[in-house]
Amino acid sequence: MNGWLVAATVLLAAGFGPVVWGVATGPLERRVVAQNFGTSVVCLVMLLLSQAYVRPSYVDLALVLAVLGPAGTLVYARLLADDLGDDPPHANLLTVVAASAATVIVVAMCVATGPGRATVKLVLIGVLLVAGNVIASRALAGGFPGAGASTRD
Amino acid sequence: MSRRMRMWVLATGGLAVAVLLVAGYARLPHFGGAVHPYGERAVSAALARHTANVISSVNFDLRAFDTLGEETILFGAVLGTVVLLRQTRDEREVPPAPAEVAPPVRRYALIMLPVALLTGLYVVAHGQLSPGGGFQGGVVVATALHLLYIGADYRALEKIRPVGTYEVGDAAGEAAYLVLGVAGLLGGSAFLANTLLPYGTFNTLASGGTVPLLNAAVGMEVACAVVVLLARFLDQAVEIEEDNGSAMGKES
Amino acid sequence: MTDALTLVSLLLVAASATAAVAVRDPARQALVLAVLGLALAVLFTVVQAPDVGLSQLAVGSALTPLLILLSVRKVRRRGQHEGGDR
């Protein structure tokens, strides 16, 4: 029995299950928010899995996701700006939840890893993930004001 | 062919596929079993050549010829896209209007551009040690450049992206893989054989013989190929418009 | 616990893949596809194939959505032009 594995399973089931539901149904605004939140959840699951399997190199998956995931959400925010324009999604609560979960998990993993280069990498992933999530949420809530049908960017 | 006949053909084909699949699955080793004949051989071969990431050893050493095929598929696919999405005679180029982007998003994209580039290069360089390699890293590098489109606009991206250079890079990456293969043939034993270079110290950057070099070649090819691919799509979506007179009816 | 994790990720992949087929609007489909990619990446990692998972993440998180949405934009613009002419 491995606590990290339990945490990963619980986070996956409780965090990503609703994401699949949220992205498959409902208005477009809810779907983009679900996609953005899903990126954070999976990034954290990857971190927990690397700790559960005692494979530090699996952290690279979380690193790539922390870099590219928010970029993907920004793509949606940019190219769907017309459709999101009427009622841009505000998901402050969800952003706070994702940021606090990221902080808790990264700190716990840093404590478990001990000082060293691996810890620096973990902190970097945590910072990139939280910053990316916050920026992506802000972009969804109206970061591309002029990218309407009239302008061809 | 009548509808009834078509359904019969479909049913026959579906049944044949189902039979083949079931027959294939029946012979597979059980999920999560203890015996892995291929895995054990691959792991010992990878360790003998000081490649810590066995998957990289399989992809770029044991079955490097397969990877050449995969690389060529991407090369051919991008070539096809370039031909299909070219600007045709009844289309004209419209300069894209600048886009408004909120300052925090712009700052984020500009800060993340070098970070993502570095991450991509890190993934390429550590292919022989940790999950990743030329393909994954190459895609990250190419995506990184397009943060400039997200953070600014298409004109800013076009300034750092002379498509011609990336087309040359695409071909050069593909050629480098072939050259390394021929080098194995001339200097060692066989095409793409990993007998040319010293295997190095296990679990360091300079290990695995030709694996890191092949990774670099694939990384260059994939990064350039994805940039060229996205350039064609972006041109079509942002710049190229049909002439008004020919917009009706004539589909090209 | 490993079995539970495998089961959960398989179920998530099945659910999101079904949703990706059931959703008809391409823009929304791109979003479901991104989530399907995330689920697949978790599944690959759970069955100890992190290389494949990394490929999935690299391609699925930003590149595929960009390609799909650019195609959608092109098609929509063409539709607008033709609508205006008639």
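UniProt positions are given here in the numbering of this structure, feature names are shortened, and annotations may be inferred rather than shown by experiment. With that in mind, the UniProt annotation "transmembrane region", from an unreviewed entry, covers residues 29-47 and 54-72 of chain C.

This is a predicted model, in which local features need pLDDT of at least 70 and side-chain atom pairs count only at pLDDT 80 or more, while totals for chains, interfaces and linings use all residues. Residues are numbered from 1 along each chain as its sequence is written, chains are lettered from A and ligands numbered from 1 in the order in which they are written, and side-chain values use heavy atoms, leaving out hydrogens and water.

**Chain C**

Let's begin with the chain that carries those regions. Chain C has three helices and zero strands; helices (H or I, at least four residues) and strands (E, at least two) are DSSP runs, numbered from the N terminus. Its elements therefore read α-α-α from the N terminus on. UniProt also lists residues 1-19 of chain C as "signal peptide" and residues 11-77 of chain C as "domain: MrpA C-terminal/MbhD", both from an unreviewed entry. Here is how the annotated stretches look in the model.

| Residues of chain C | Helix | Strand | Distance between end C-alpha atoms |
|---|---|---|---|
| 1-19 | 95% | 0% | 27 Å |
| 29-47 | 95% | 0% | 27 Å |
| 54-72 | 100% | 0% | 27 Å |
| 11-77 | 91% | 0% | 38 Å |

What radius of gyration does chain C have? The value is 17 Å, whereas a compact globule of 86 residues would be near 12 Å. This radius is taken over C-alpha atoms, and the globule rule is 2.2 Å times the number of residues to the power 0.38. Along the principal axes, the C-alpha atoms of chain C fill a box of roughly 60 × 25 × 10 Å.

**Chain A**

Chain A holds six helices and zero strands. With a radius of gyration of 16 Å, close to the 15 Å that the globule rule gives for 153 residues, chain A is as compact as a globular protein of that length. Its C-alpha atoms fill a box of roughly 55 × 30 × 20 Å along the principal axes.

Two packed helices are described by the angle between their axes and the distance between the axes. Axes are lines fitted to C-alpha atoms, for helices over the stretch in contact, and angles run from 0 to 180 degrees between N-to-C directions. In chain A, the axes of H2 (residues 28-52) and H3 (residues 59-79) come within 8 Å and cross at roughly 175 degrees. That makes H2(A) roughly antiparallel to H3(A) (an angle over 145 degrees). Where they touch (heavy atoms within 4.5 Å), the residues include Val32(A) and Leu47(A) of H2(A), and Leu65(A) and Tyr76(A) of H3(A). By class, this contact of H2(A) with H3(A) has 12 nonpolar, six polar and no charged residues. Ala, Val, Leu, Ile, Met, Phe, Trp, Tyr, Cys and Pro count as nonpolar, Asp, Glu, Lys and Arg as charged, and the others, Gly among them, as polar.

**Chain B**

How do H9 and H10 of chain B cross? The axes of H9(B) (residues 163-187) and H10(B) (residues 211-239) come within 8 Å, at roughly 150 degrees. That makes H9(B) roughly antiparallel to H10(B). Among the contact residues are Glu167(B) and Asp170(B) of H9(B), and Glu221(B) and Arg232(B) of H10(B). The contact of H9(B) with H10(B) has 16 nonpolar, two polar and five charged residues.

Technical notes:
Parallel < 35°, antiparallel > 145°, perpendicular 65-115°, else oblique.
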